[in-house]
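This report looks at nonpolar packing and charge pairing. Have the sequence and the model open as you read.

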Amino acid sequence: MRNFLAFIRRFRVLLFFALLQGIALTILFTFSTFPRSQYLTTASTVSGTVMSWSNDVTKHFELSGSNKKLQEENKWLREQLTVNKLALKAPMGIDSVVLTKDDFIQRFEYIPGEIISSTFSRRNNYFTLNIGKKQGVERGMGVISDQGVVGVIHNVSEHFSVIKSCLTKDINVDVMISSSREPGLLKWDGVDPRRGSMIGVSNDRSIKKWSQIVTGGKSGIFPRGIPVGKVAKTAPVEGQPIWDVTVLFAENFRTVQYIYVVKNILKSEQEKLEETIPDDPIEDE
Amino acid sequence: MNKILLHTLRFALFLIIQVVVLNKVELGAGTLMMIYPLYIMLLPVEINVFLLLFLAFALGISIDSMSNTYGMHASALVLMAYFRPIIFKAFAPRDGYEIDLEVNVHNMGYRWFLRTFGILLLIHHFWFFLIELSRLDEILYVLQKTLLSLPLSFGLCLLIQFLIIRRPARGGV
């Protein structure tokens with residue numbers, strides 16, 4: 001016992017150092033995969049408030065660009081309205097089916113928000129949003145902008161939330177190549193904020209350069225067909241029958257400011273149904 | 001009392017500058033300018049080492065909580081604070097440090113400051129980028145980030161000392 005106390009006294013600085021270092025590293029390795037609380041992130045009230053003050057100052061720099069983008073989006077949406085289109089086929093006999101508004105139910109809702117803090121050159125880049133639980137944001141929801149996919153909600157507090165952006169190591173959004181419907185997973189190598197990669201695309205079909213990559217919509221986080229990027233390069237992976245596809249992101253993560261959080265109203269129903277599938281061991285990489 | 005107030009104010013100042021300004025300045029190539037290690041450097045030489053480590057942890061975790069880095073700044077700063085007494089001992093002037101003299105660039109001279117703070121900042125930056133990437137096979141990228149960020153951070157730390165610390169006309173701060 002005396003030896004033990006002497007040991008502690010002798011190495012007390014080192015032990016204290018090890019304790020603090022241990023706490024810091026534990027936070028690092030547990031929180032980045034699954035944050036148990038909103039503290040220690042920008043979703044907390046103090047940090048969130050500081051971020052929104054700082055954003056109040058800097059957001060005006062991007063204002064004209066943001067306005068232009070919103071106007072473009074409005075133009076596109078306006079052109080989708082049936083009022084502005086001429087029907088090629090008029091509803092004819094009794095057999096033809098005419099779908100009215102009542103034949104649909106809403107599946108996805110969009111919650112508008114603003115990014116108040118972001119980085120793009122770290123290994124894992126998280127963005128902070130000025131909306132939180134109060135506006136209906138929940139962990140795991142998708143985030144898109146008018147240009148394309150931005151990321152997935154990582155952490156939520158009452159008034160703020162943190163997005164795990166497409167510029168994080170294990171973002172894993174399910175995507176597909178628009179023309180051939182070839183599915184894959186979106187990854188980021190951690191270096192270039194303009195390029196990501198798509199893995200798991202089998203190489204028995206050739207992929208055209210610059211073909212669109214969109215969300216697959218299978219996981220229910222994003223609706224199908226939200227743009228992600230374009231194929232910039234394909235290279236064979238040695239020893240595996242798959243392509244390594246380099247994706248040029250549609251989104252410019254440096255300037256993205258106004259976003260929509262995607263709320264899937266039917267998600268719990270889909271999940272409940274999928275839970276009934278019996279687990280079987282899948283050997284997969 | 002006056003000293004405690006001064007260091008508390010500096011704590012807040014370094015925190016705000018780092019979080020609101022420097023974290024947003026992204027020059028590309030993975031660089032990040034970090035000036036808050038200067039706060040640990042400028043604490044009194046005779047400070048209790050436990051307090052030193054604790055302050056490093058507190059400042060680091062505060063920056064982490066405002067930049068979503070989950071303990072990376074805290075870990076790097078605690079490591080740097082641990083090495084501070086060791087480096088100070090190794091580079092001590094011949095008759096030891098003067099009591100109550102702040103170890104800034106004005107009081108200790110460029111050579112001394114370049115060596116001690118340079119080494120401490122190198123330790124800090126290298127560790128920070130190492131755990132940021134947390135992969136040994138990307139060690140070259142870690143080195144690239146470290147060596148590109150280091151001169152920027154160091155230069156900024158020098159500049160800040162000229163801006164916020166008065167030149168000692170009659171000693172003291």
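The cores come first, then the salt bridges.

**Nonpolar cores**

This is a predicted model. Its largest nonpolar core holds 75 residues. Within that core, B:Leu38, B:Ile40, B:Phe113 and B:Phe117 touch the most other members. The top contributor is helix H6 of chain B, residues 110-133, which gives 11 residues. A second core lies apart from this one. That core has 42 residues, including A:Ile115, A:Phe120, A:Ile171 and A:Phe253.

B:Ile40 is worth a closer look. Leaving out residues up to four places away in sequence, B:Ile40 touches B:Leu52, B:Leu55, B:Ala56, B:Leu77, B:Met80, B:Ala81 and B:Arg84.

**Salt bridges**

Side chains of opposite charge can pair when their charged atoms come close. Over all chains, the count comes to 12 salt bridges. Three of them are listed here.

| Pair | Closest N to O distance |
|---|---|
| B:Glu138 and A:Arg123 | 3.1 Å |
| A:Lys267 and A:Glu271 | 3.2 Å |
| B:Glu138 and B:Arg135 | 3.7 Å |

**The pair across chains**

Where do B:Glu138 and A:Arg123 lie? B:Glu138 sits in the loop between H6 and helix H7 (139-164) of chain B. A:Arg123 sits in the loop between strand E1 (108-117) and strand E2 (126-129) of chain A, so the pair joins two chains. Both partners are buried.

B:Glu138 also forms a salt bridge with B:Arg135. Are these two side chains buried or partly exposed? B:Glu138 has a relative accessibility of 16% and counts as buried, because the cut-off for buried is under 20%. B:Arg135, at 40%, counts as partly exposed.

These residues belong to a wider set. A:Arg123, B:Arg135, B:Asp137 and B:Glu138 are linked in a network of salt bridges.

**The pair within a helix**

A:Lys267 and A:Glu271 make a salt bridge of another kind of setting: both lie in helix H5 of chain A, residues 267-275. They are 4 residues apart, about one turn of the helix. A:Lys267 is partly exposed, with a relative accessible area of 24%. A:Glu271 is partly exposed too, at 37%.

**In brief**

B:Glu138 pairs with A:Arg123 on the other chain and with B:Arg135 on its own chain. A:Lys267 and A:Glu271 pair inside helix H5 of chain A. On the nonpolar side, helix H6 of chain B gives the most residues to the largest core.

Technical notes:
Residues numbered from 1 in each chain as written. Chains lettered and ligands numbered in written order. Predicted model: local features only at pLDDT ≥ 70, side-chain atom pairs only at ≥ 80, totals over all residues. Heavy atoms only, no water. Core = buried A, V, L, I, M, F, W, Y, C linked by side-chain atoms within 4.5 Å. Buried < 20%, exposed > 50% of the residue type's maximum accessible area, 1.4 Å probe, protein only. Contact = heavy atoms within 4.5 Å. Salt bridge = Lys/Arg side-chain N within 4 Å of Asp/Glu carboxyl O.
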